[in-house]
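Student: I have a model on screen and a list of labels. Can we test each label against its cut-off?

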Amino acid sequence: MKTLILKNIVRNSSSNEEGEILFNALQRAYLNGEQLLLYVDSNLSMSSSFLNTSIGVFLDKYGFSNFKETVKFKGSKNQFLRLNQYITNYKDIYLV
């Protein structure tokens, strides 16, 4: 399993451009059959634009099951709850 430290690959987590960087890393891992451990610092806030362009686009293209198989998460409880809420909301409103 490869560790991906979010603050090392993006300058911030508030823009679509930076979200694309994370999406590209997630997509590479998925296409190469790798698992990623995504580490998010407790002081890093993630905007909805950033999440939509990274995790949202991944979920759109590859689905929730592939996300679960590809990405594991490490960070603070608050960061986990933020990501979990985003993914739960996504699953509740997105019809496949």
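Tutor: Start with lysine 72, at 33% relative accessibility. Keep in mind that this is a predicted model.

Student: Why is lysine 72 called partly exposed?

Tutor: Buried means under 20% and exposed means over 50%, with partly exposed in between. Lysine 72 has 33%, so it counts as partly exposed.

Student: Where is lysine 72 found, and what is it in contact with?

Tutor: Lysine 72 is found in strand E3. Leaving aside neighbours within four places in sequence, its contacts are Met1, Gln35, Leu36, Leu37 and Leu38. Leucine 37 is also its bridge partner.

Student: What makes E2 and E3 a pair of strands?

Tutor: Pairing needs at least two bridges. Five bridges join E2 to E3, residues 71-75, and the two run parallel. One of the bridge partnerships puts leucine 38 with phenylalanine 73 in E3.

Student: Which handedness does the connection from E2 to E3 have?

Tutor: The chain goes from E2 through H3 to E3, and this β-α-β crossover is right-handed.

Student: How do you know that E1 pairs with E2?

Tutor: Use the cut-off of at least two bridges again. E1, residues 2-5, and E2 have four bridges, in the parallel sense. Threonine 3 stands opposite leucine 37 in E2.

Student: What makes the side chains along E2 an alternating set?

Tutor: Leu36, Leu38 and Val40 point to one face and are buried. Leu37 and Tyr39 point to the other face and are not buried. In general, side chains in a regular strand alternate between the two faces of the sheet.

Student: Why is serine 45 called exposed?

Tutor: The cut-off for exposed is over 50%. Serine 45 has a relative accessible area of 57%, so it is exposed. Serine 45 sits in the loop between E2 and H3.

Student: Which residues does serine 45 touch, not counting those up to four places away in sequence?

Tutor: Serine 45 touches Ser13 and Gln79. The C-alpha atoms of serine 45 and glutamine 79 are separated by 8.0 Å, and the two residues are 34 apart along the chain.

Student: Is glutamine 79 buried or exposed?

Tutor: Buried is under 20%. Glutamine 79 has 6%, so it is buried. Glutamine 79 lies in helix H4. Beyond neighbours within four places, its contacts are Val40, Asp41, Ser42, Leu44, Ser45, Met46 and Phe73.

Student: Why is serine 15 called buried?

Tutor: Serine 15 has a relative accessible area of 18%. The limit is under 20%, so serine 15 is buried. Serine 15 lies in the loop between helix H1 (6-9) and H2. Leaving aside neighbours within four places, serine 15 is in contact with Ser47 and Phe50.

Student: How far apart are the C-alpha atoms of lysine 72 and serine 15?

Tutor: They are separated by 22 Å, with the two positions 57 residues apart in numbering.

Student: How do you know that leucine 51 is buried?

Tutor: Leucine 51 has a relative accessible area of 1%. Set that against the limit of under 20%, and therefore leucine 51 is buried. Leucine 51 is found in helix H3. Past its neighbours within four places, leucine 51 is in contact with Met46, Gly56, Arg82, Leu83 and Tyr86.

Student: How many residues does the largest nonpolar core have?

Tutor: The largest nonpolar core has 25 residues, and Leu6, Leu26, Ile55 and Phe67 have the most contacts inside it. H2 (16-31), E2 (36-40), H3 (48-70) and H4 (77-93) each supply at least two of its residues. H3 gives the most, with seven.

Student: What does isoleucine 55 touch, not counting residues up to four places away?

Tutor: Isoleucine 55 touches Leu26, Phe67, Leu83, Tyr86 and Ile87.

Student: What makes a residue part of the lining of the largest pocket?

Tutor: A lining residue has an atom within 4 Å of a pocket point. Residues that line the largest pocket include Leu38, Ile55, Phe67, Lys72, Phe73 and Ile87. H3, E3 and H4 each supply at least two lining residues. The volume of this pocket is about 270 Å³.

Methods
Residues numbered from 1 in each chain as written. Predicted model: local features only at pLDDT ≥ 70, side-chain atom pairs only at ≥ 80, totals over all residues. Heavy atoms only, no water. Core = buried A, V, L, I, M, F, W, Y, C linked by side-chain atoms within 4.5 Å. Buried < 20%, exposed > 50% of the residue type's maximum accessible area, 1.4 Å probe, protein only. Contact = heavy atoms within 4.5 Å. Right-handed = clockwise from strand over helix to strand, strands pointing away. 1 Å grid on protein atoms, 1.4 Å probe; cavity = no way out; pocket = protein on both sides within 12 Å on 5 of 7 lines; lining within 4 Å. Points joined across faces, edges and corners; volume = space filled by probe spheres on them.
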